[in-house]
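User: Could you walk me through how the strands and charged pairs fit together in this one? I'd like to keep the structure open while we talk.

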Amino acid sequence: MTVTVLSLTASGCVTVHGELAVLPSADRSEAARALKEFTDAYNAADKAYDPALDAGRVTGALGAINQAGLKARSITNPDGNPAHQPLELADAKFTIPKKAGWPRWFVADTDSNRDADDGGPQDTRWVLVFVRNGPDERWKVPYLTILTANQVPDFATDKDGWGEPVAPDSEALAVAPGKLSAAYASYLRDGTAKTFADGPHTDGWREAREKNARLPGLVTQYVDQPLAEGDFAPLGLATKDGGALVFFATRYFERQTGAQGVTPRVNADVKALLTGEIRNTVTKEWVSSQVALVPRAGADTPTVEVASRLQGVTGAKGS
């Protein structure tokens, strides 16, 4: 996980007396158990650097990033993680949508022990999405995002405290959740879309890429692609201001080509995932997950704020 900065909406139905039943995705005790089971599995995998130990608790974007990272570190550190610190997720606040059919999902807003400013202005929250694709399936986490406490919005809830999901094709938002992945990939390619507000994960990210492209002796190229199918599909949760917090994913390739006599270098974790031999080119495949604050349709400020991004290398090829 290299950037601090998680999602499913699909068809399915639950039939009750011949009708679709709109039900909470989980009760709060079930959500708390899912959070504990994820944390226990995450800690076991991190301590041993063994991807098999939490493979059943992650999926989608986080699954791709987590499993590739653990695979690499199992090669570079075969005896496990010498700096393991157990992850603790406390003060959990669950927003559980009511919906019909599968998959079911909910969001856990938690306080982790990973920051040094607990309660201060730089205190961060780990916000996780839990998804279950059927009654016999486990709860898994496709998205994890890290936000400051004031970045976590107030979610819309009904009189019983249940959350409100936003459909992928919703016209109630300035940008439908189902269009965000393609829009973001397009913006990173050419920067012309007016969809996104300036920030470290939009124009700042493009500027950083431009600097990387001009490193002495190396040419770096990027190819961005939407990633929005299956367990990588977007998830939107309505907020009290009429907008939504939307989790979505993209994939990109970073290709470095060396000038004559220059061989691109990679770190040990990337080398552990490498296929082929680096002669003058290396292509790294990344999965990137974003969380965005999307305003309501017709808002005075219609641009989308990409609040956080988490990404990781999932493969590399030399040539």
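User: How do β7 and β8 pair, and over how many bridges?

Analyst: Strand β7 (residues 124-132) pairs with strand β8 (residues 140-148) in the antiparallel sense, over seven bridges. Strands here are DSSP runs (E, at least two residues; helices are H or I, at least four), numbered from the N terminus, and two of them pair if DSSP finds at least two bridges between them. Within this pairing, L128 stands opposite L144 in β8.

User: Before we go on, what kind of model is it, and what do the numbers rest on?

Analyst: This is a predicted model, in which local features need pLDDT of at least 70 and side-chain atom pairs count only at pLDDT 80 or more, while totals for chains, interfaces and linings use all residues. Residues are numbered from 1 along each chain as its sequence is written, and side-chain values use heavy atoms, with hydrogens and water left out.

User: OK, and which way does β6 run against β7?

Analyst: β6 and β7 run antiparallel and are joined by eight bridges. Across that pairing, R104 stands opposite R132 in β7, and T110 stands opposite W126 in β7.

User: What is the strand order in the sheet?

Analyst: The order is β4-β6-β7-β8, an open sheet of four strands with antiparallel pairing. β4 (89-95) and β8 stand at the edges with a single partner strand each, so one side of each is left without a neighbour in the sheet. Neighbouring strands of this sheet are turned by 25° against each other on average, direction ignored, where the axes are lines fitted to C-alpha atoms (for helices over the stretch in contact) and angles run from 0 to 180 degrees between N-to-C directions.

User: Back to β7, is it buried or exposed?

Analyst: Nine of the nine residues of β7 are buried, so the strand is largely enclosed by the rest of the structure. Buried means under 20% relative accessible area, exposed means over 50%, and partly exposed lies in between (1.4 Å probe, protein chains only). T124, W126, L128, F130 and R132 point one way from β7, whereas R125, V127, V129 and V131 point the other way, and all are buried.

User: An arginine in there? What does R125 form a salt bridge with?

Analyst: R125 forms a salt bridge with D109, their closest N and O atoms being 2.7 Å apart. The pair links distant parts of the chain, since R125 is in strand β7 and D109 is in strand β6 (residues 104-112), 16 residues apart. A salt bridge here is a side-chain nitrogen of Lys or Arg within 4 Å of a carboxyl oxygen of Asp or Glu. R125 is buried at 7% relative accessible area, and D109 also counts as buried, at 9%.

User: How many salt bridges are there by that rule?

Analyst: The count comes to eleven salt bridges. Among them, R251 and E285 meet at 3.0 Å, N to O. R251 lies in strand β12 (residues 244-258) and E285 in strand β14 (residues 281-294), so this pair ties together parts that are 34 residues apart in sequence. R251 counts as partly exposed at 23% relative accessibility, and E285 counts as partly exposed at 23%.

User: Which residues are joined into one network?

Analyst: D91, D109 and R125 are joined into one network by salt bridges that share partners.

User: And where K159 meets D160, what is the distance?

Analyst: The side chains of K159 and D160 meet in a salt bridge at 3.4 Å, N to O. K159 is exposed, with a relative accessible area of 79%, whereas D160 counts as partly exposed at 45%.
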